[in-house]
Amino acid sequence: MKFIIALAFLAVAIAAPQGDKKPIEIISSNSEMNADGSYAFNFESADGTKVSESGNQKQVGPKPEDIGTVSKGSYSFTTPDGVVLTVNWVADENGFQATGDHLPTPPPMPEHVVKMLADLKAAGLL
């Protein structure tokens, strides 16, 4: 059964239109790796796509051996209708958090939930 599924995926991949797409040129690229574990890189391609990222090692837990990499960066690209979209992000002990004007945002928290959370925090339960 697994073989049939793999064969189906292969057939779809082969049947996909290849077109005459040419590779997109990278017009600038920089990369830095440091002995302390910190790093930074960025690149820009001819189609206007831009990517940058930097990070460093940080203690992310209560013990000294709880070391992790925290990173931040951004990327931007142009949509087919000519709009440039940019995403800024942070990845740390709180997880991955992305922001951008085009990203959906949650509705405001209802007042009763805000009060309940405040009461729980005041009671030491949160």
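1. Let's start at one residue, Leu126: with a relative accessibility of 64%, Leu126 counts as exposed, because the cut-off for exposed is over 50%. You will find Leu126 in the segment after helix 2 (111-122). Please keep in mind as you read that this is a predicted model.

2. Which residues form a nonpolar patch on the surface together with Leu126? They are Met109, Val114, Met116, Leu117, Leu120 and Leu125. Together with Leu126, these residues have about 660 Å² of accessible area.

3. Now step back to the whole chain. The chain has 2 helices and 6 strands. Reading from the N terminus, you meet the elements as α-β-β-β-β-β-β-α. Of the 126 residues, 12% count as buried. The accessible surface of the chain is about 10200 Å², and 63% of that belongs to carbon and sulfur atoms. Take contacts between residues at least 6 apart in sequence: 10% of them join residues at least 24 apart.

4. Next comes the sheet. The 6 strands form an open sheet with antiparallel pairing, in the order 1-2-3-4-5-6. At the edges are strand 1 (26-33) and strand 6 (95-99), each of which pairs on one side only. From one strand to the next, the twist averages 10°. As a reminder, strands of a sheet pair through backbone hydrogen bonds, and the pairing may be parallel or antiparallel.

5. It helps to follow the pairs one at a time. Strand 2 (residues 39-45) and strand 3 (residues 50-59) run antiparallel and are joined by 6 bridges. If you would like a place to look, find Phe41, whose bridge partner in strand 3 is Glu53.

6. Strand 4 (residues 67-78) pairs with strand 5 (residues 84-92) in the antiparallel sense, over 8 bridges. Here Gly73 has Trp89 of strand 5 as its bridge partner. How many residues lie between strand 4 and strand 5 in their hairpin? There are 5, and in the turn Gly82 has a positive phi of about 90°.

7. Strand 5 also pairs with strand 6: the two run antiparallel and are joined by 5 bridges. Asn88 has Thr99 in strand 6 as its bridge partner. Strand 5 and strand 6 form a hairpin with 2 residues between them.

8. Let's turn to charged side chains. The structure holds 2 salt bridges. In one of them, Lys58 joins Glu93, with the closest N and O atoms 2.9 Å apart. Where do the partners sit? Lys58 is in strand 3 and Glu93 is in the loop between strand 5 and strand 6, so this pair ties together parts that are 35 residues apart in sequence. Lys58 has a relative accessible area of 35% and is partly exposed. Glu93, at 39% relative accessibility, also counts as partly exposed.

9. A salt bridge also links the side chains of Lys115 and Asp119, at 2.9 Å from N to O. How many residues apart are Lys115 and Asp119 in helix 2? They are 4 residues apart, so about one helical turn separates them. Asp119 is partly exposed, with a relative accessible area of 41%.

Terms used:
Residues are numbered from 1 along each chain as its sequence is written. This is a predicted model: local features need pLDDT of at least 70, side-chain atom pairs count only at pLDDT 80 or more; totals for chains, interfaces and linings use all residues. Side-chain values use heavy atoms; hydrogens and water are left out. Patches are made of residues with over 30% relative accessible area and no salt bridge: like charges are joined within 9 Å, nonpolar side chains (Val, Leu, Ile, Met, Phe, Trp, Tyr) within 5 Å. Accessible areas come from the Shrake-Rupley method with a 1.4 Å probe; for residues, only the protein chains shown count as cover. A salt bridge is a side-chain nitrogen of Lys or Arg within 4 Å of a carboxyl oxygen of Asp or Glu. Buried means under 20% relative accessible area, exposed over 50%, partly exposed in between (1.4 Å probe, protein chains only). Contact means heavy atoms within 4.5 Å. Two strands pair if DSSP finds at least two bridges between them. Axes are lines fitted to C-alpha atoms, for helices over the stretch in contact, and angles run from 0 to 180 degrees between N-to-C directions.
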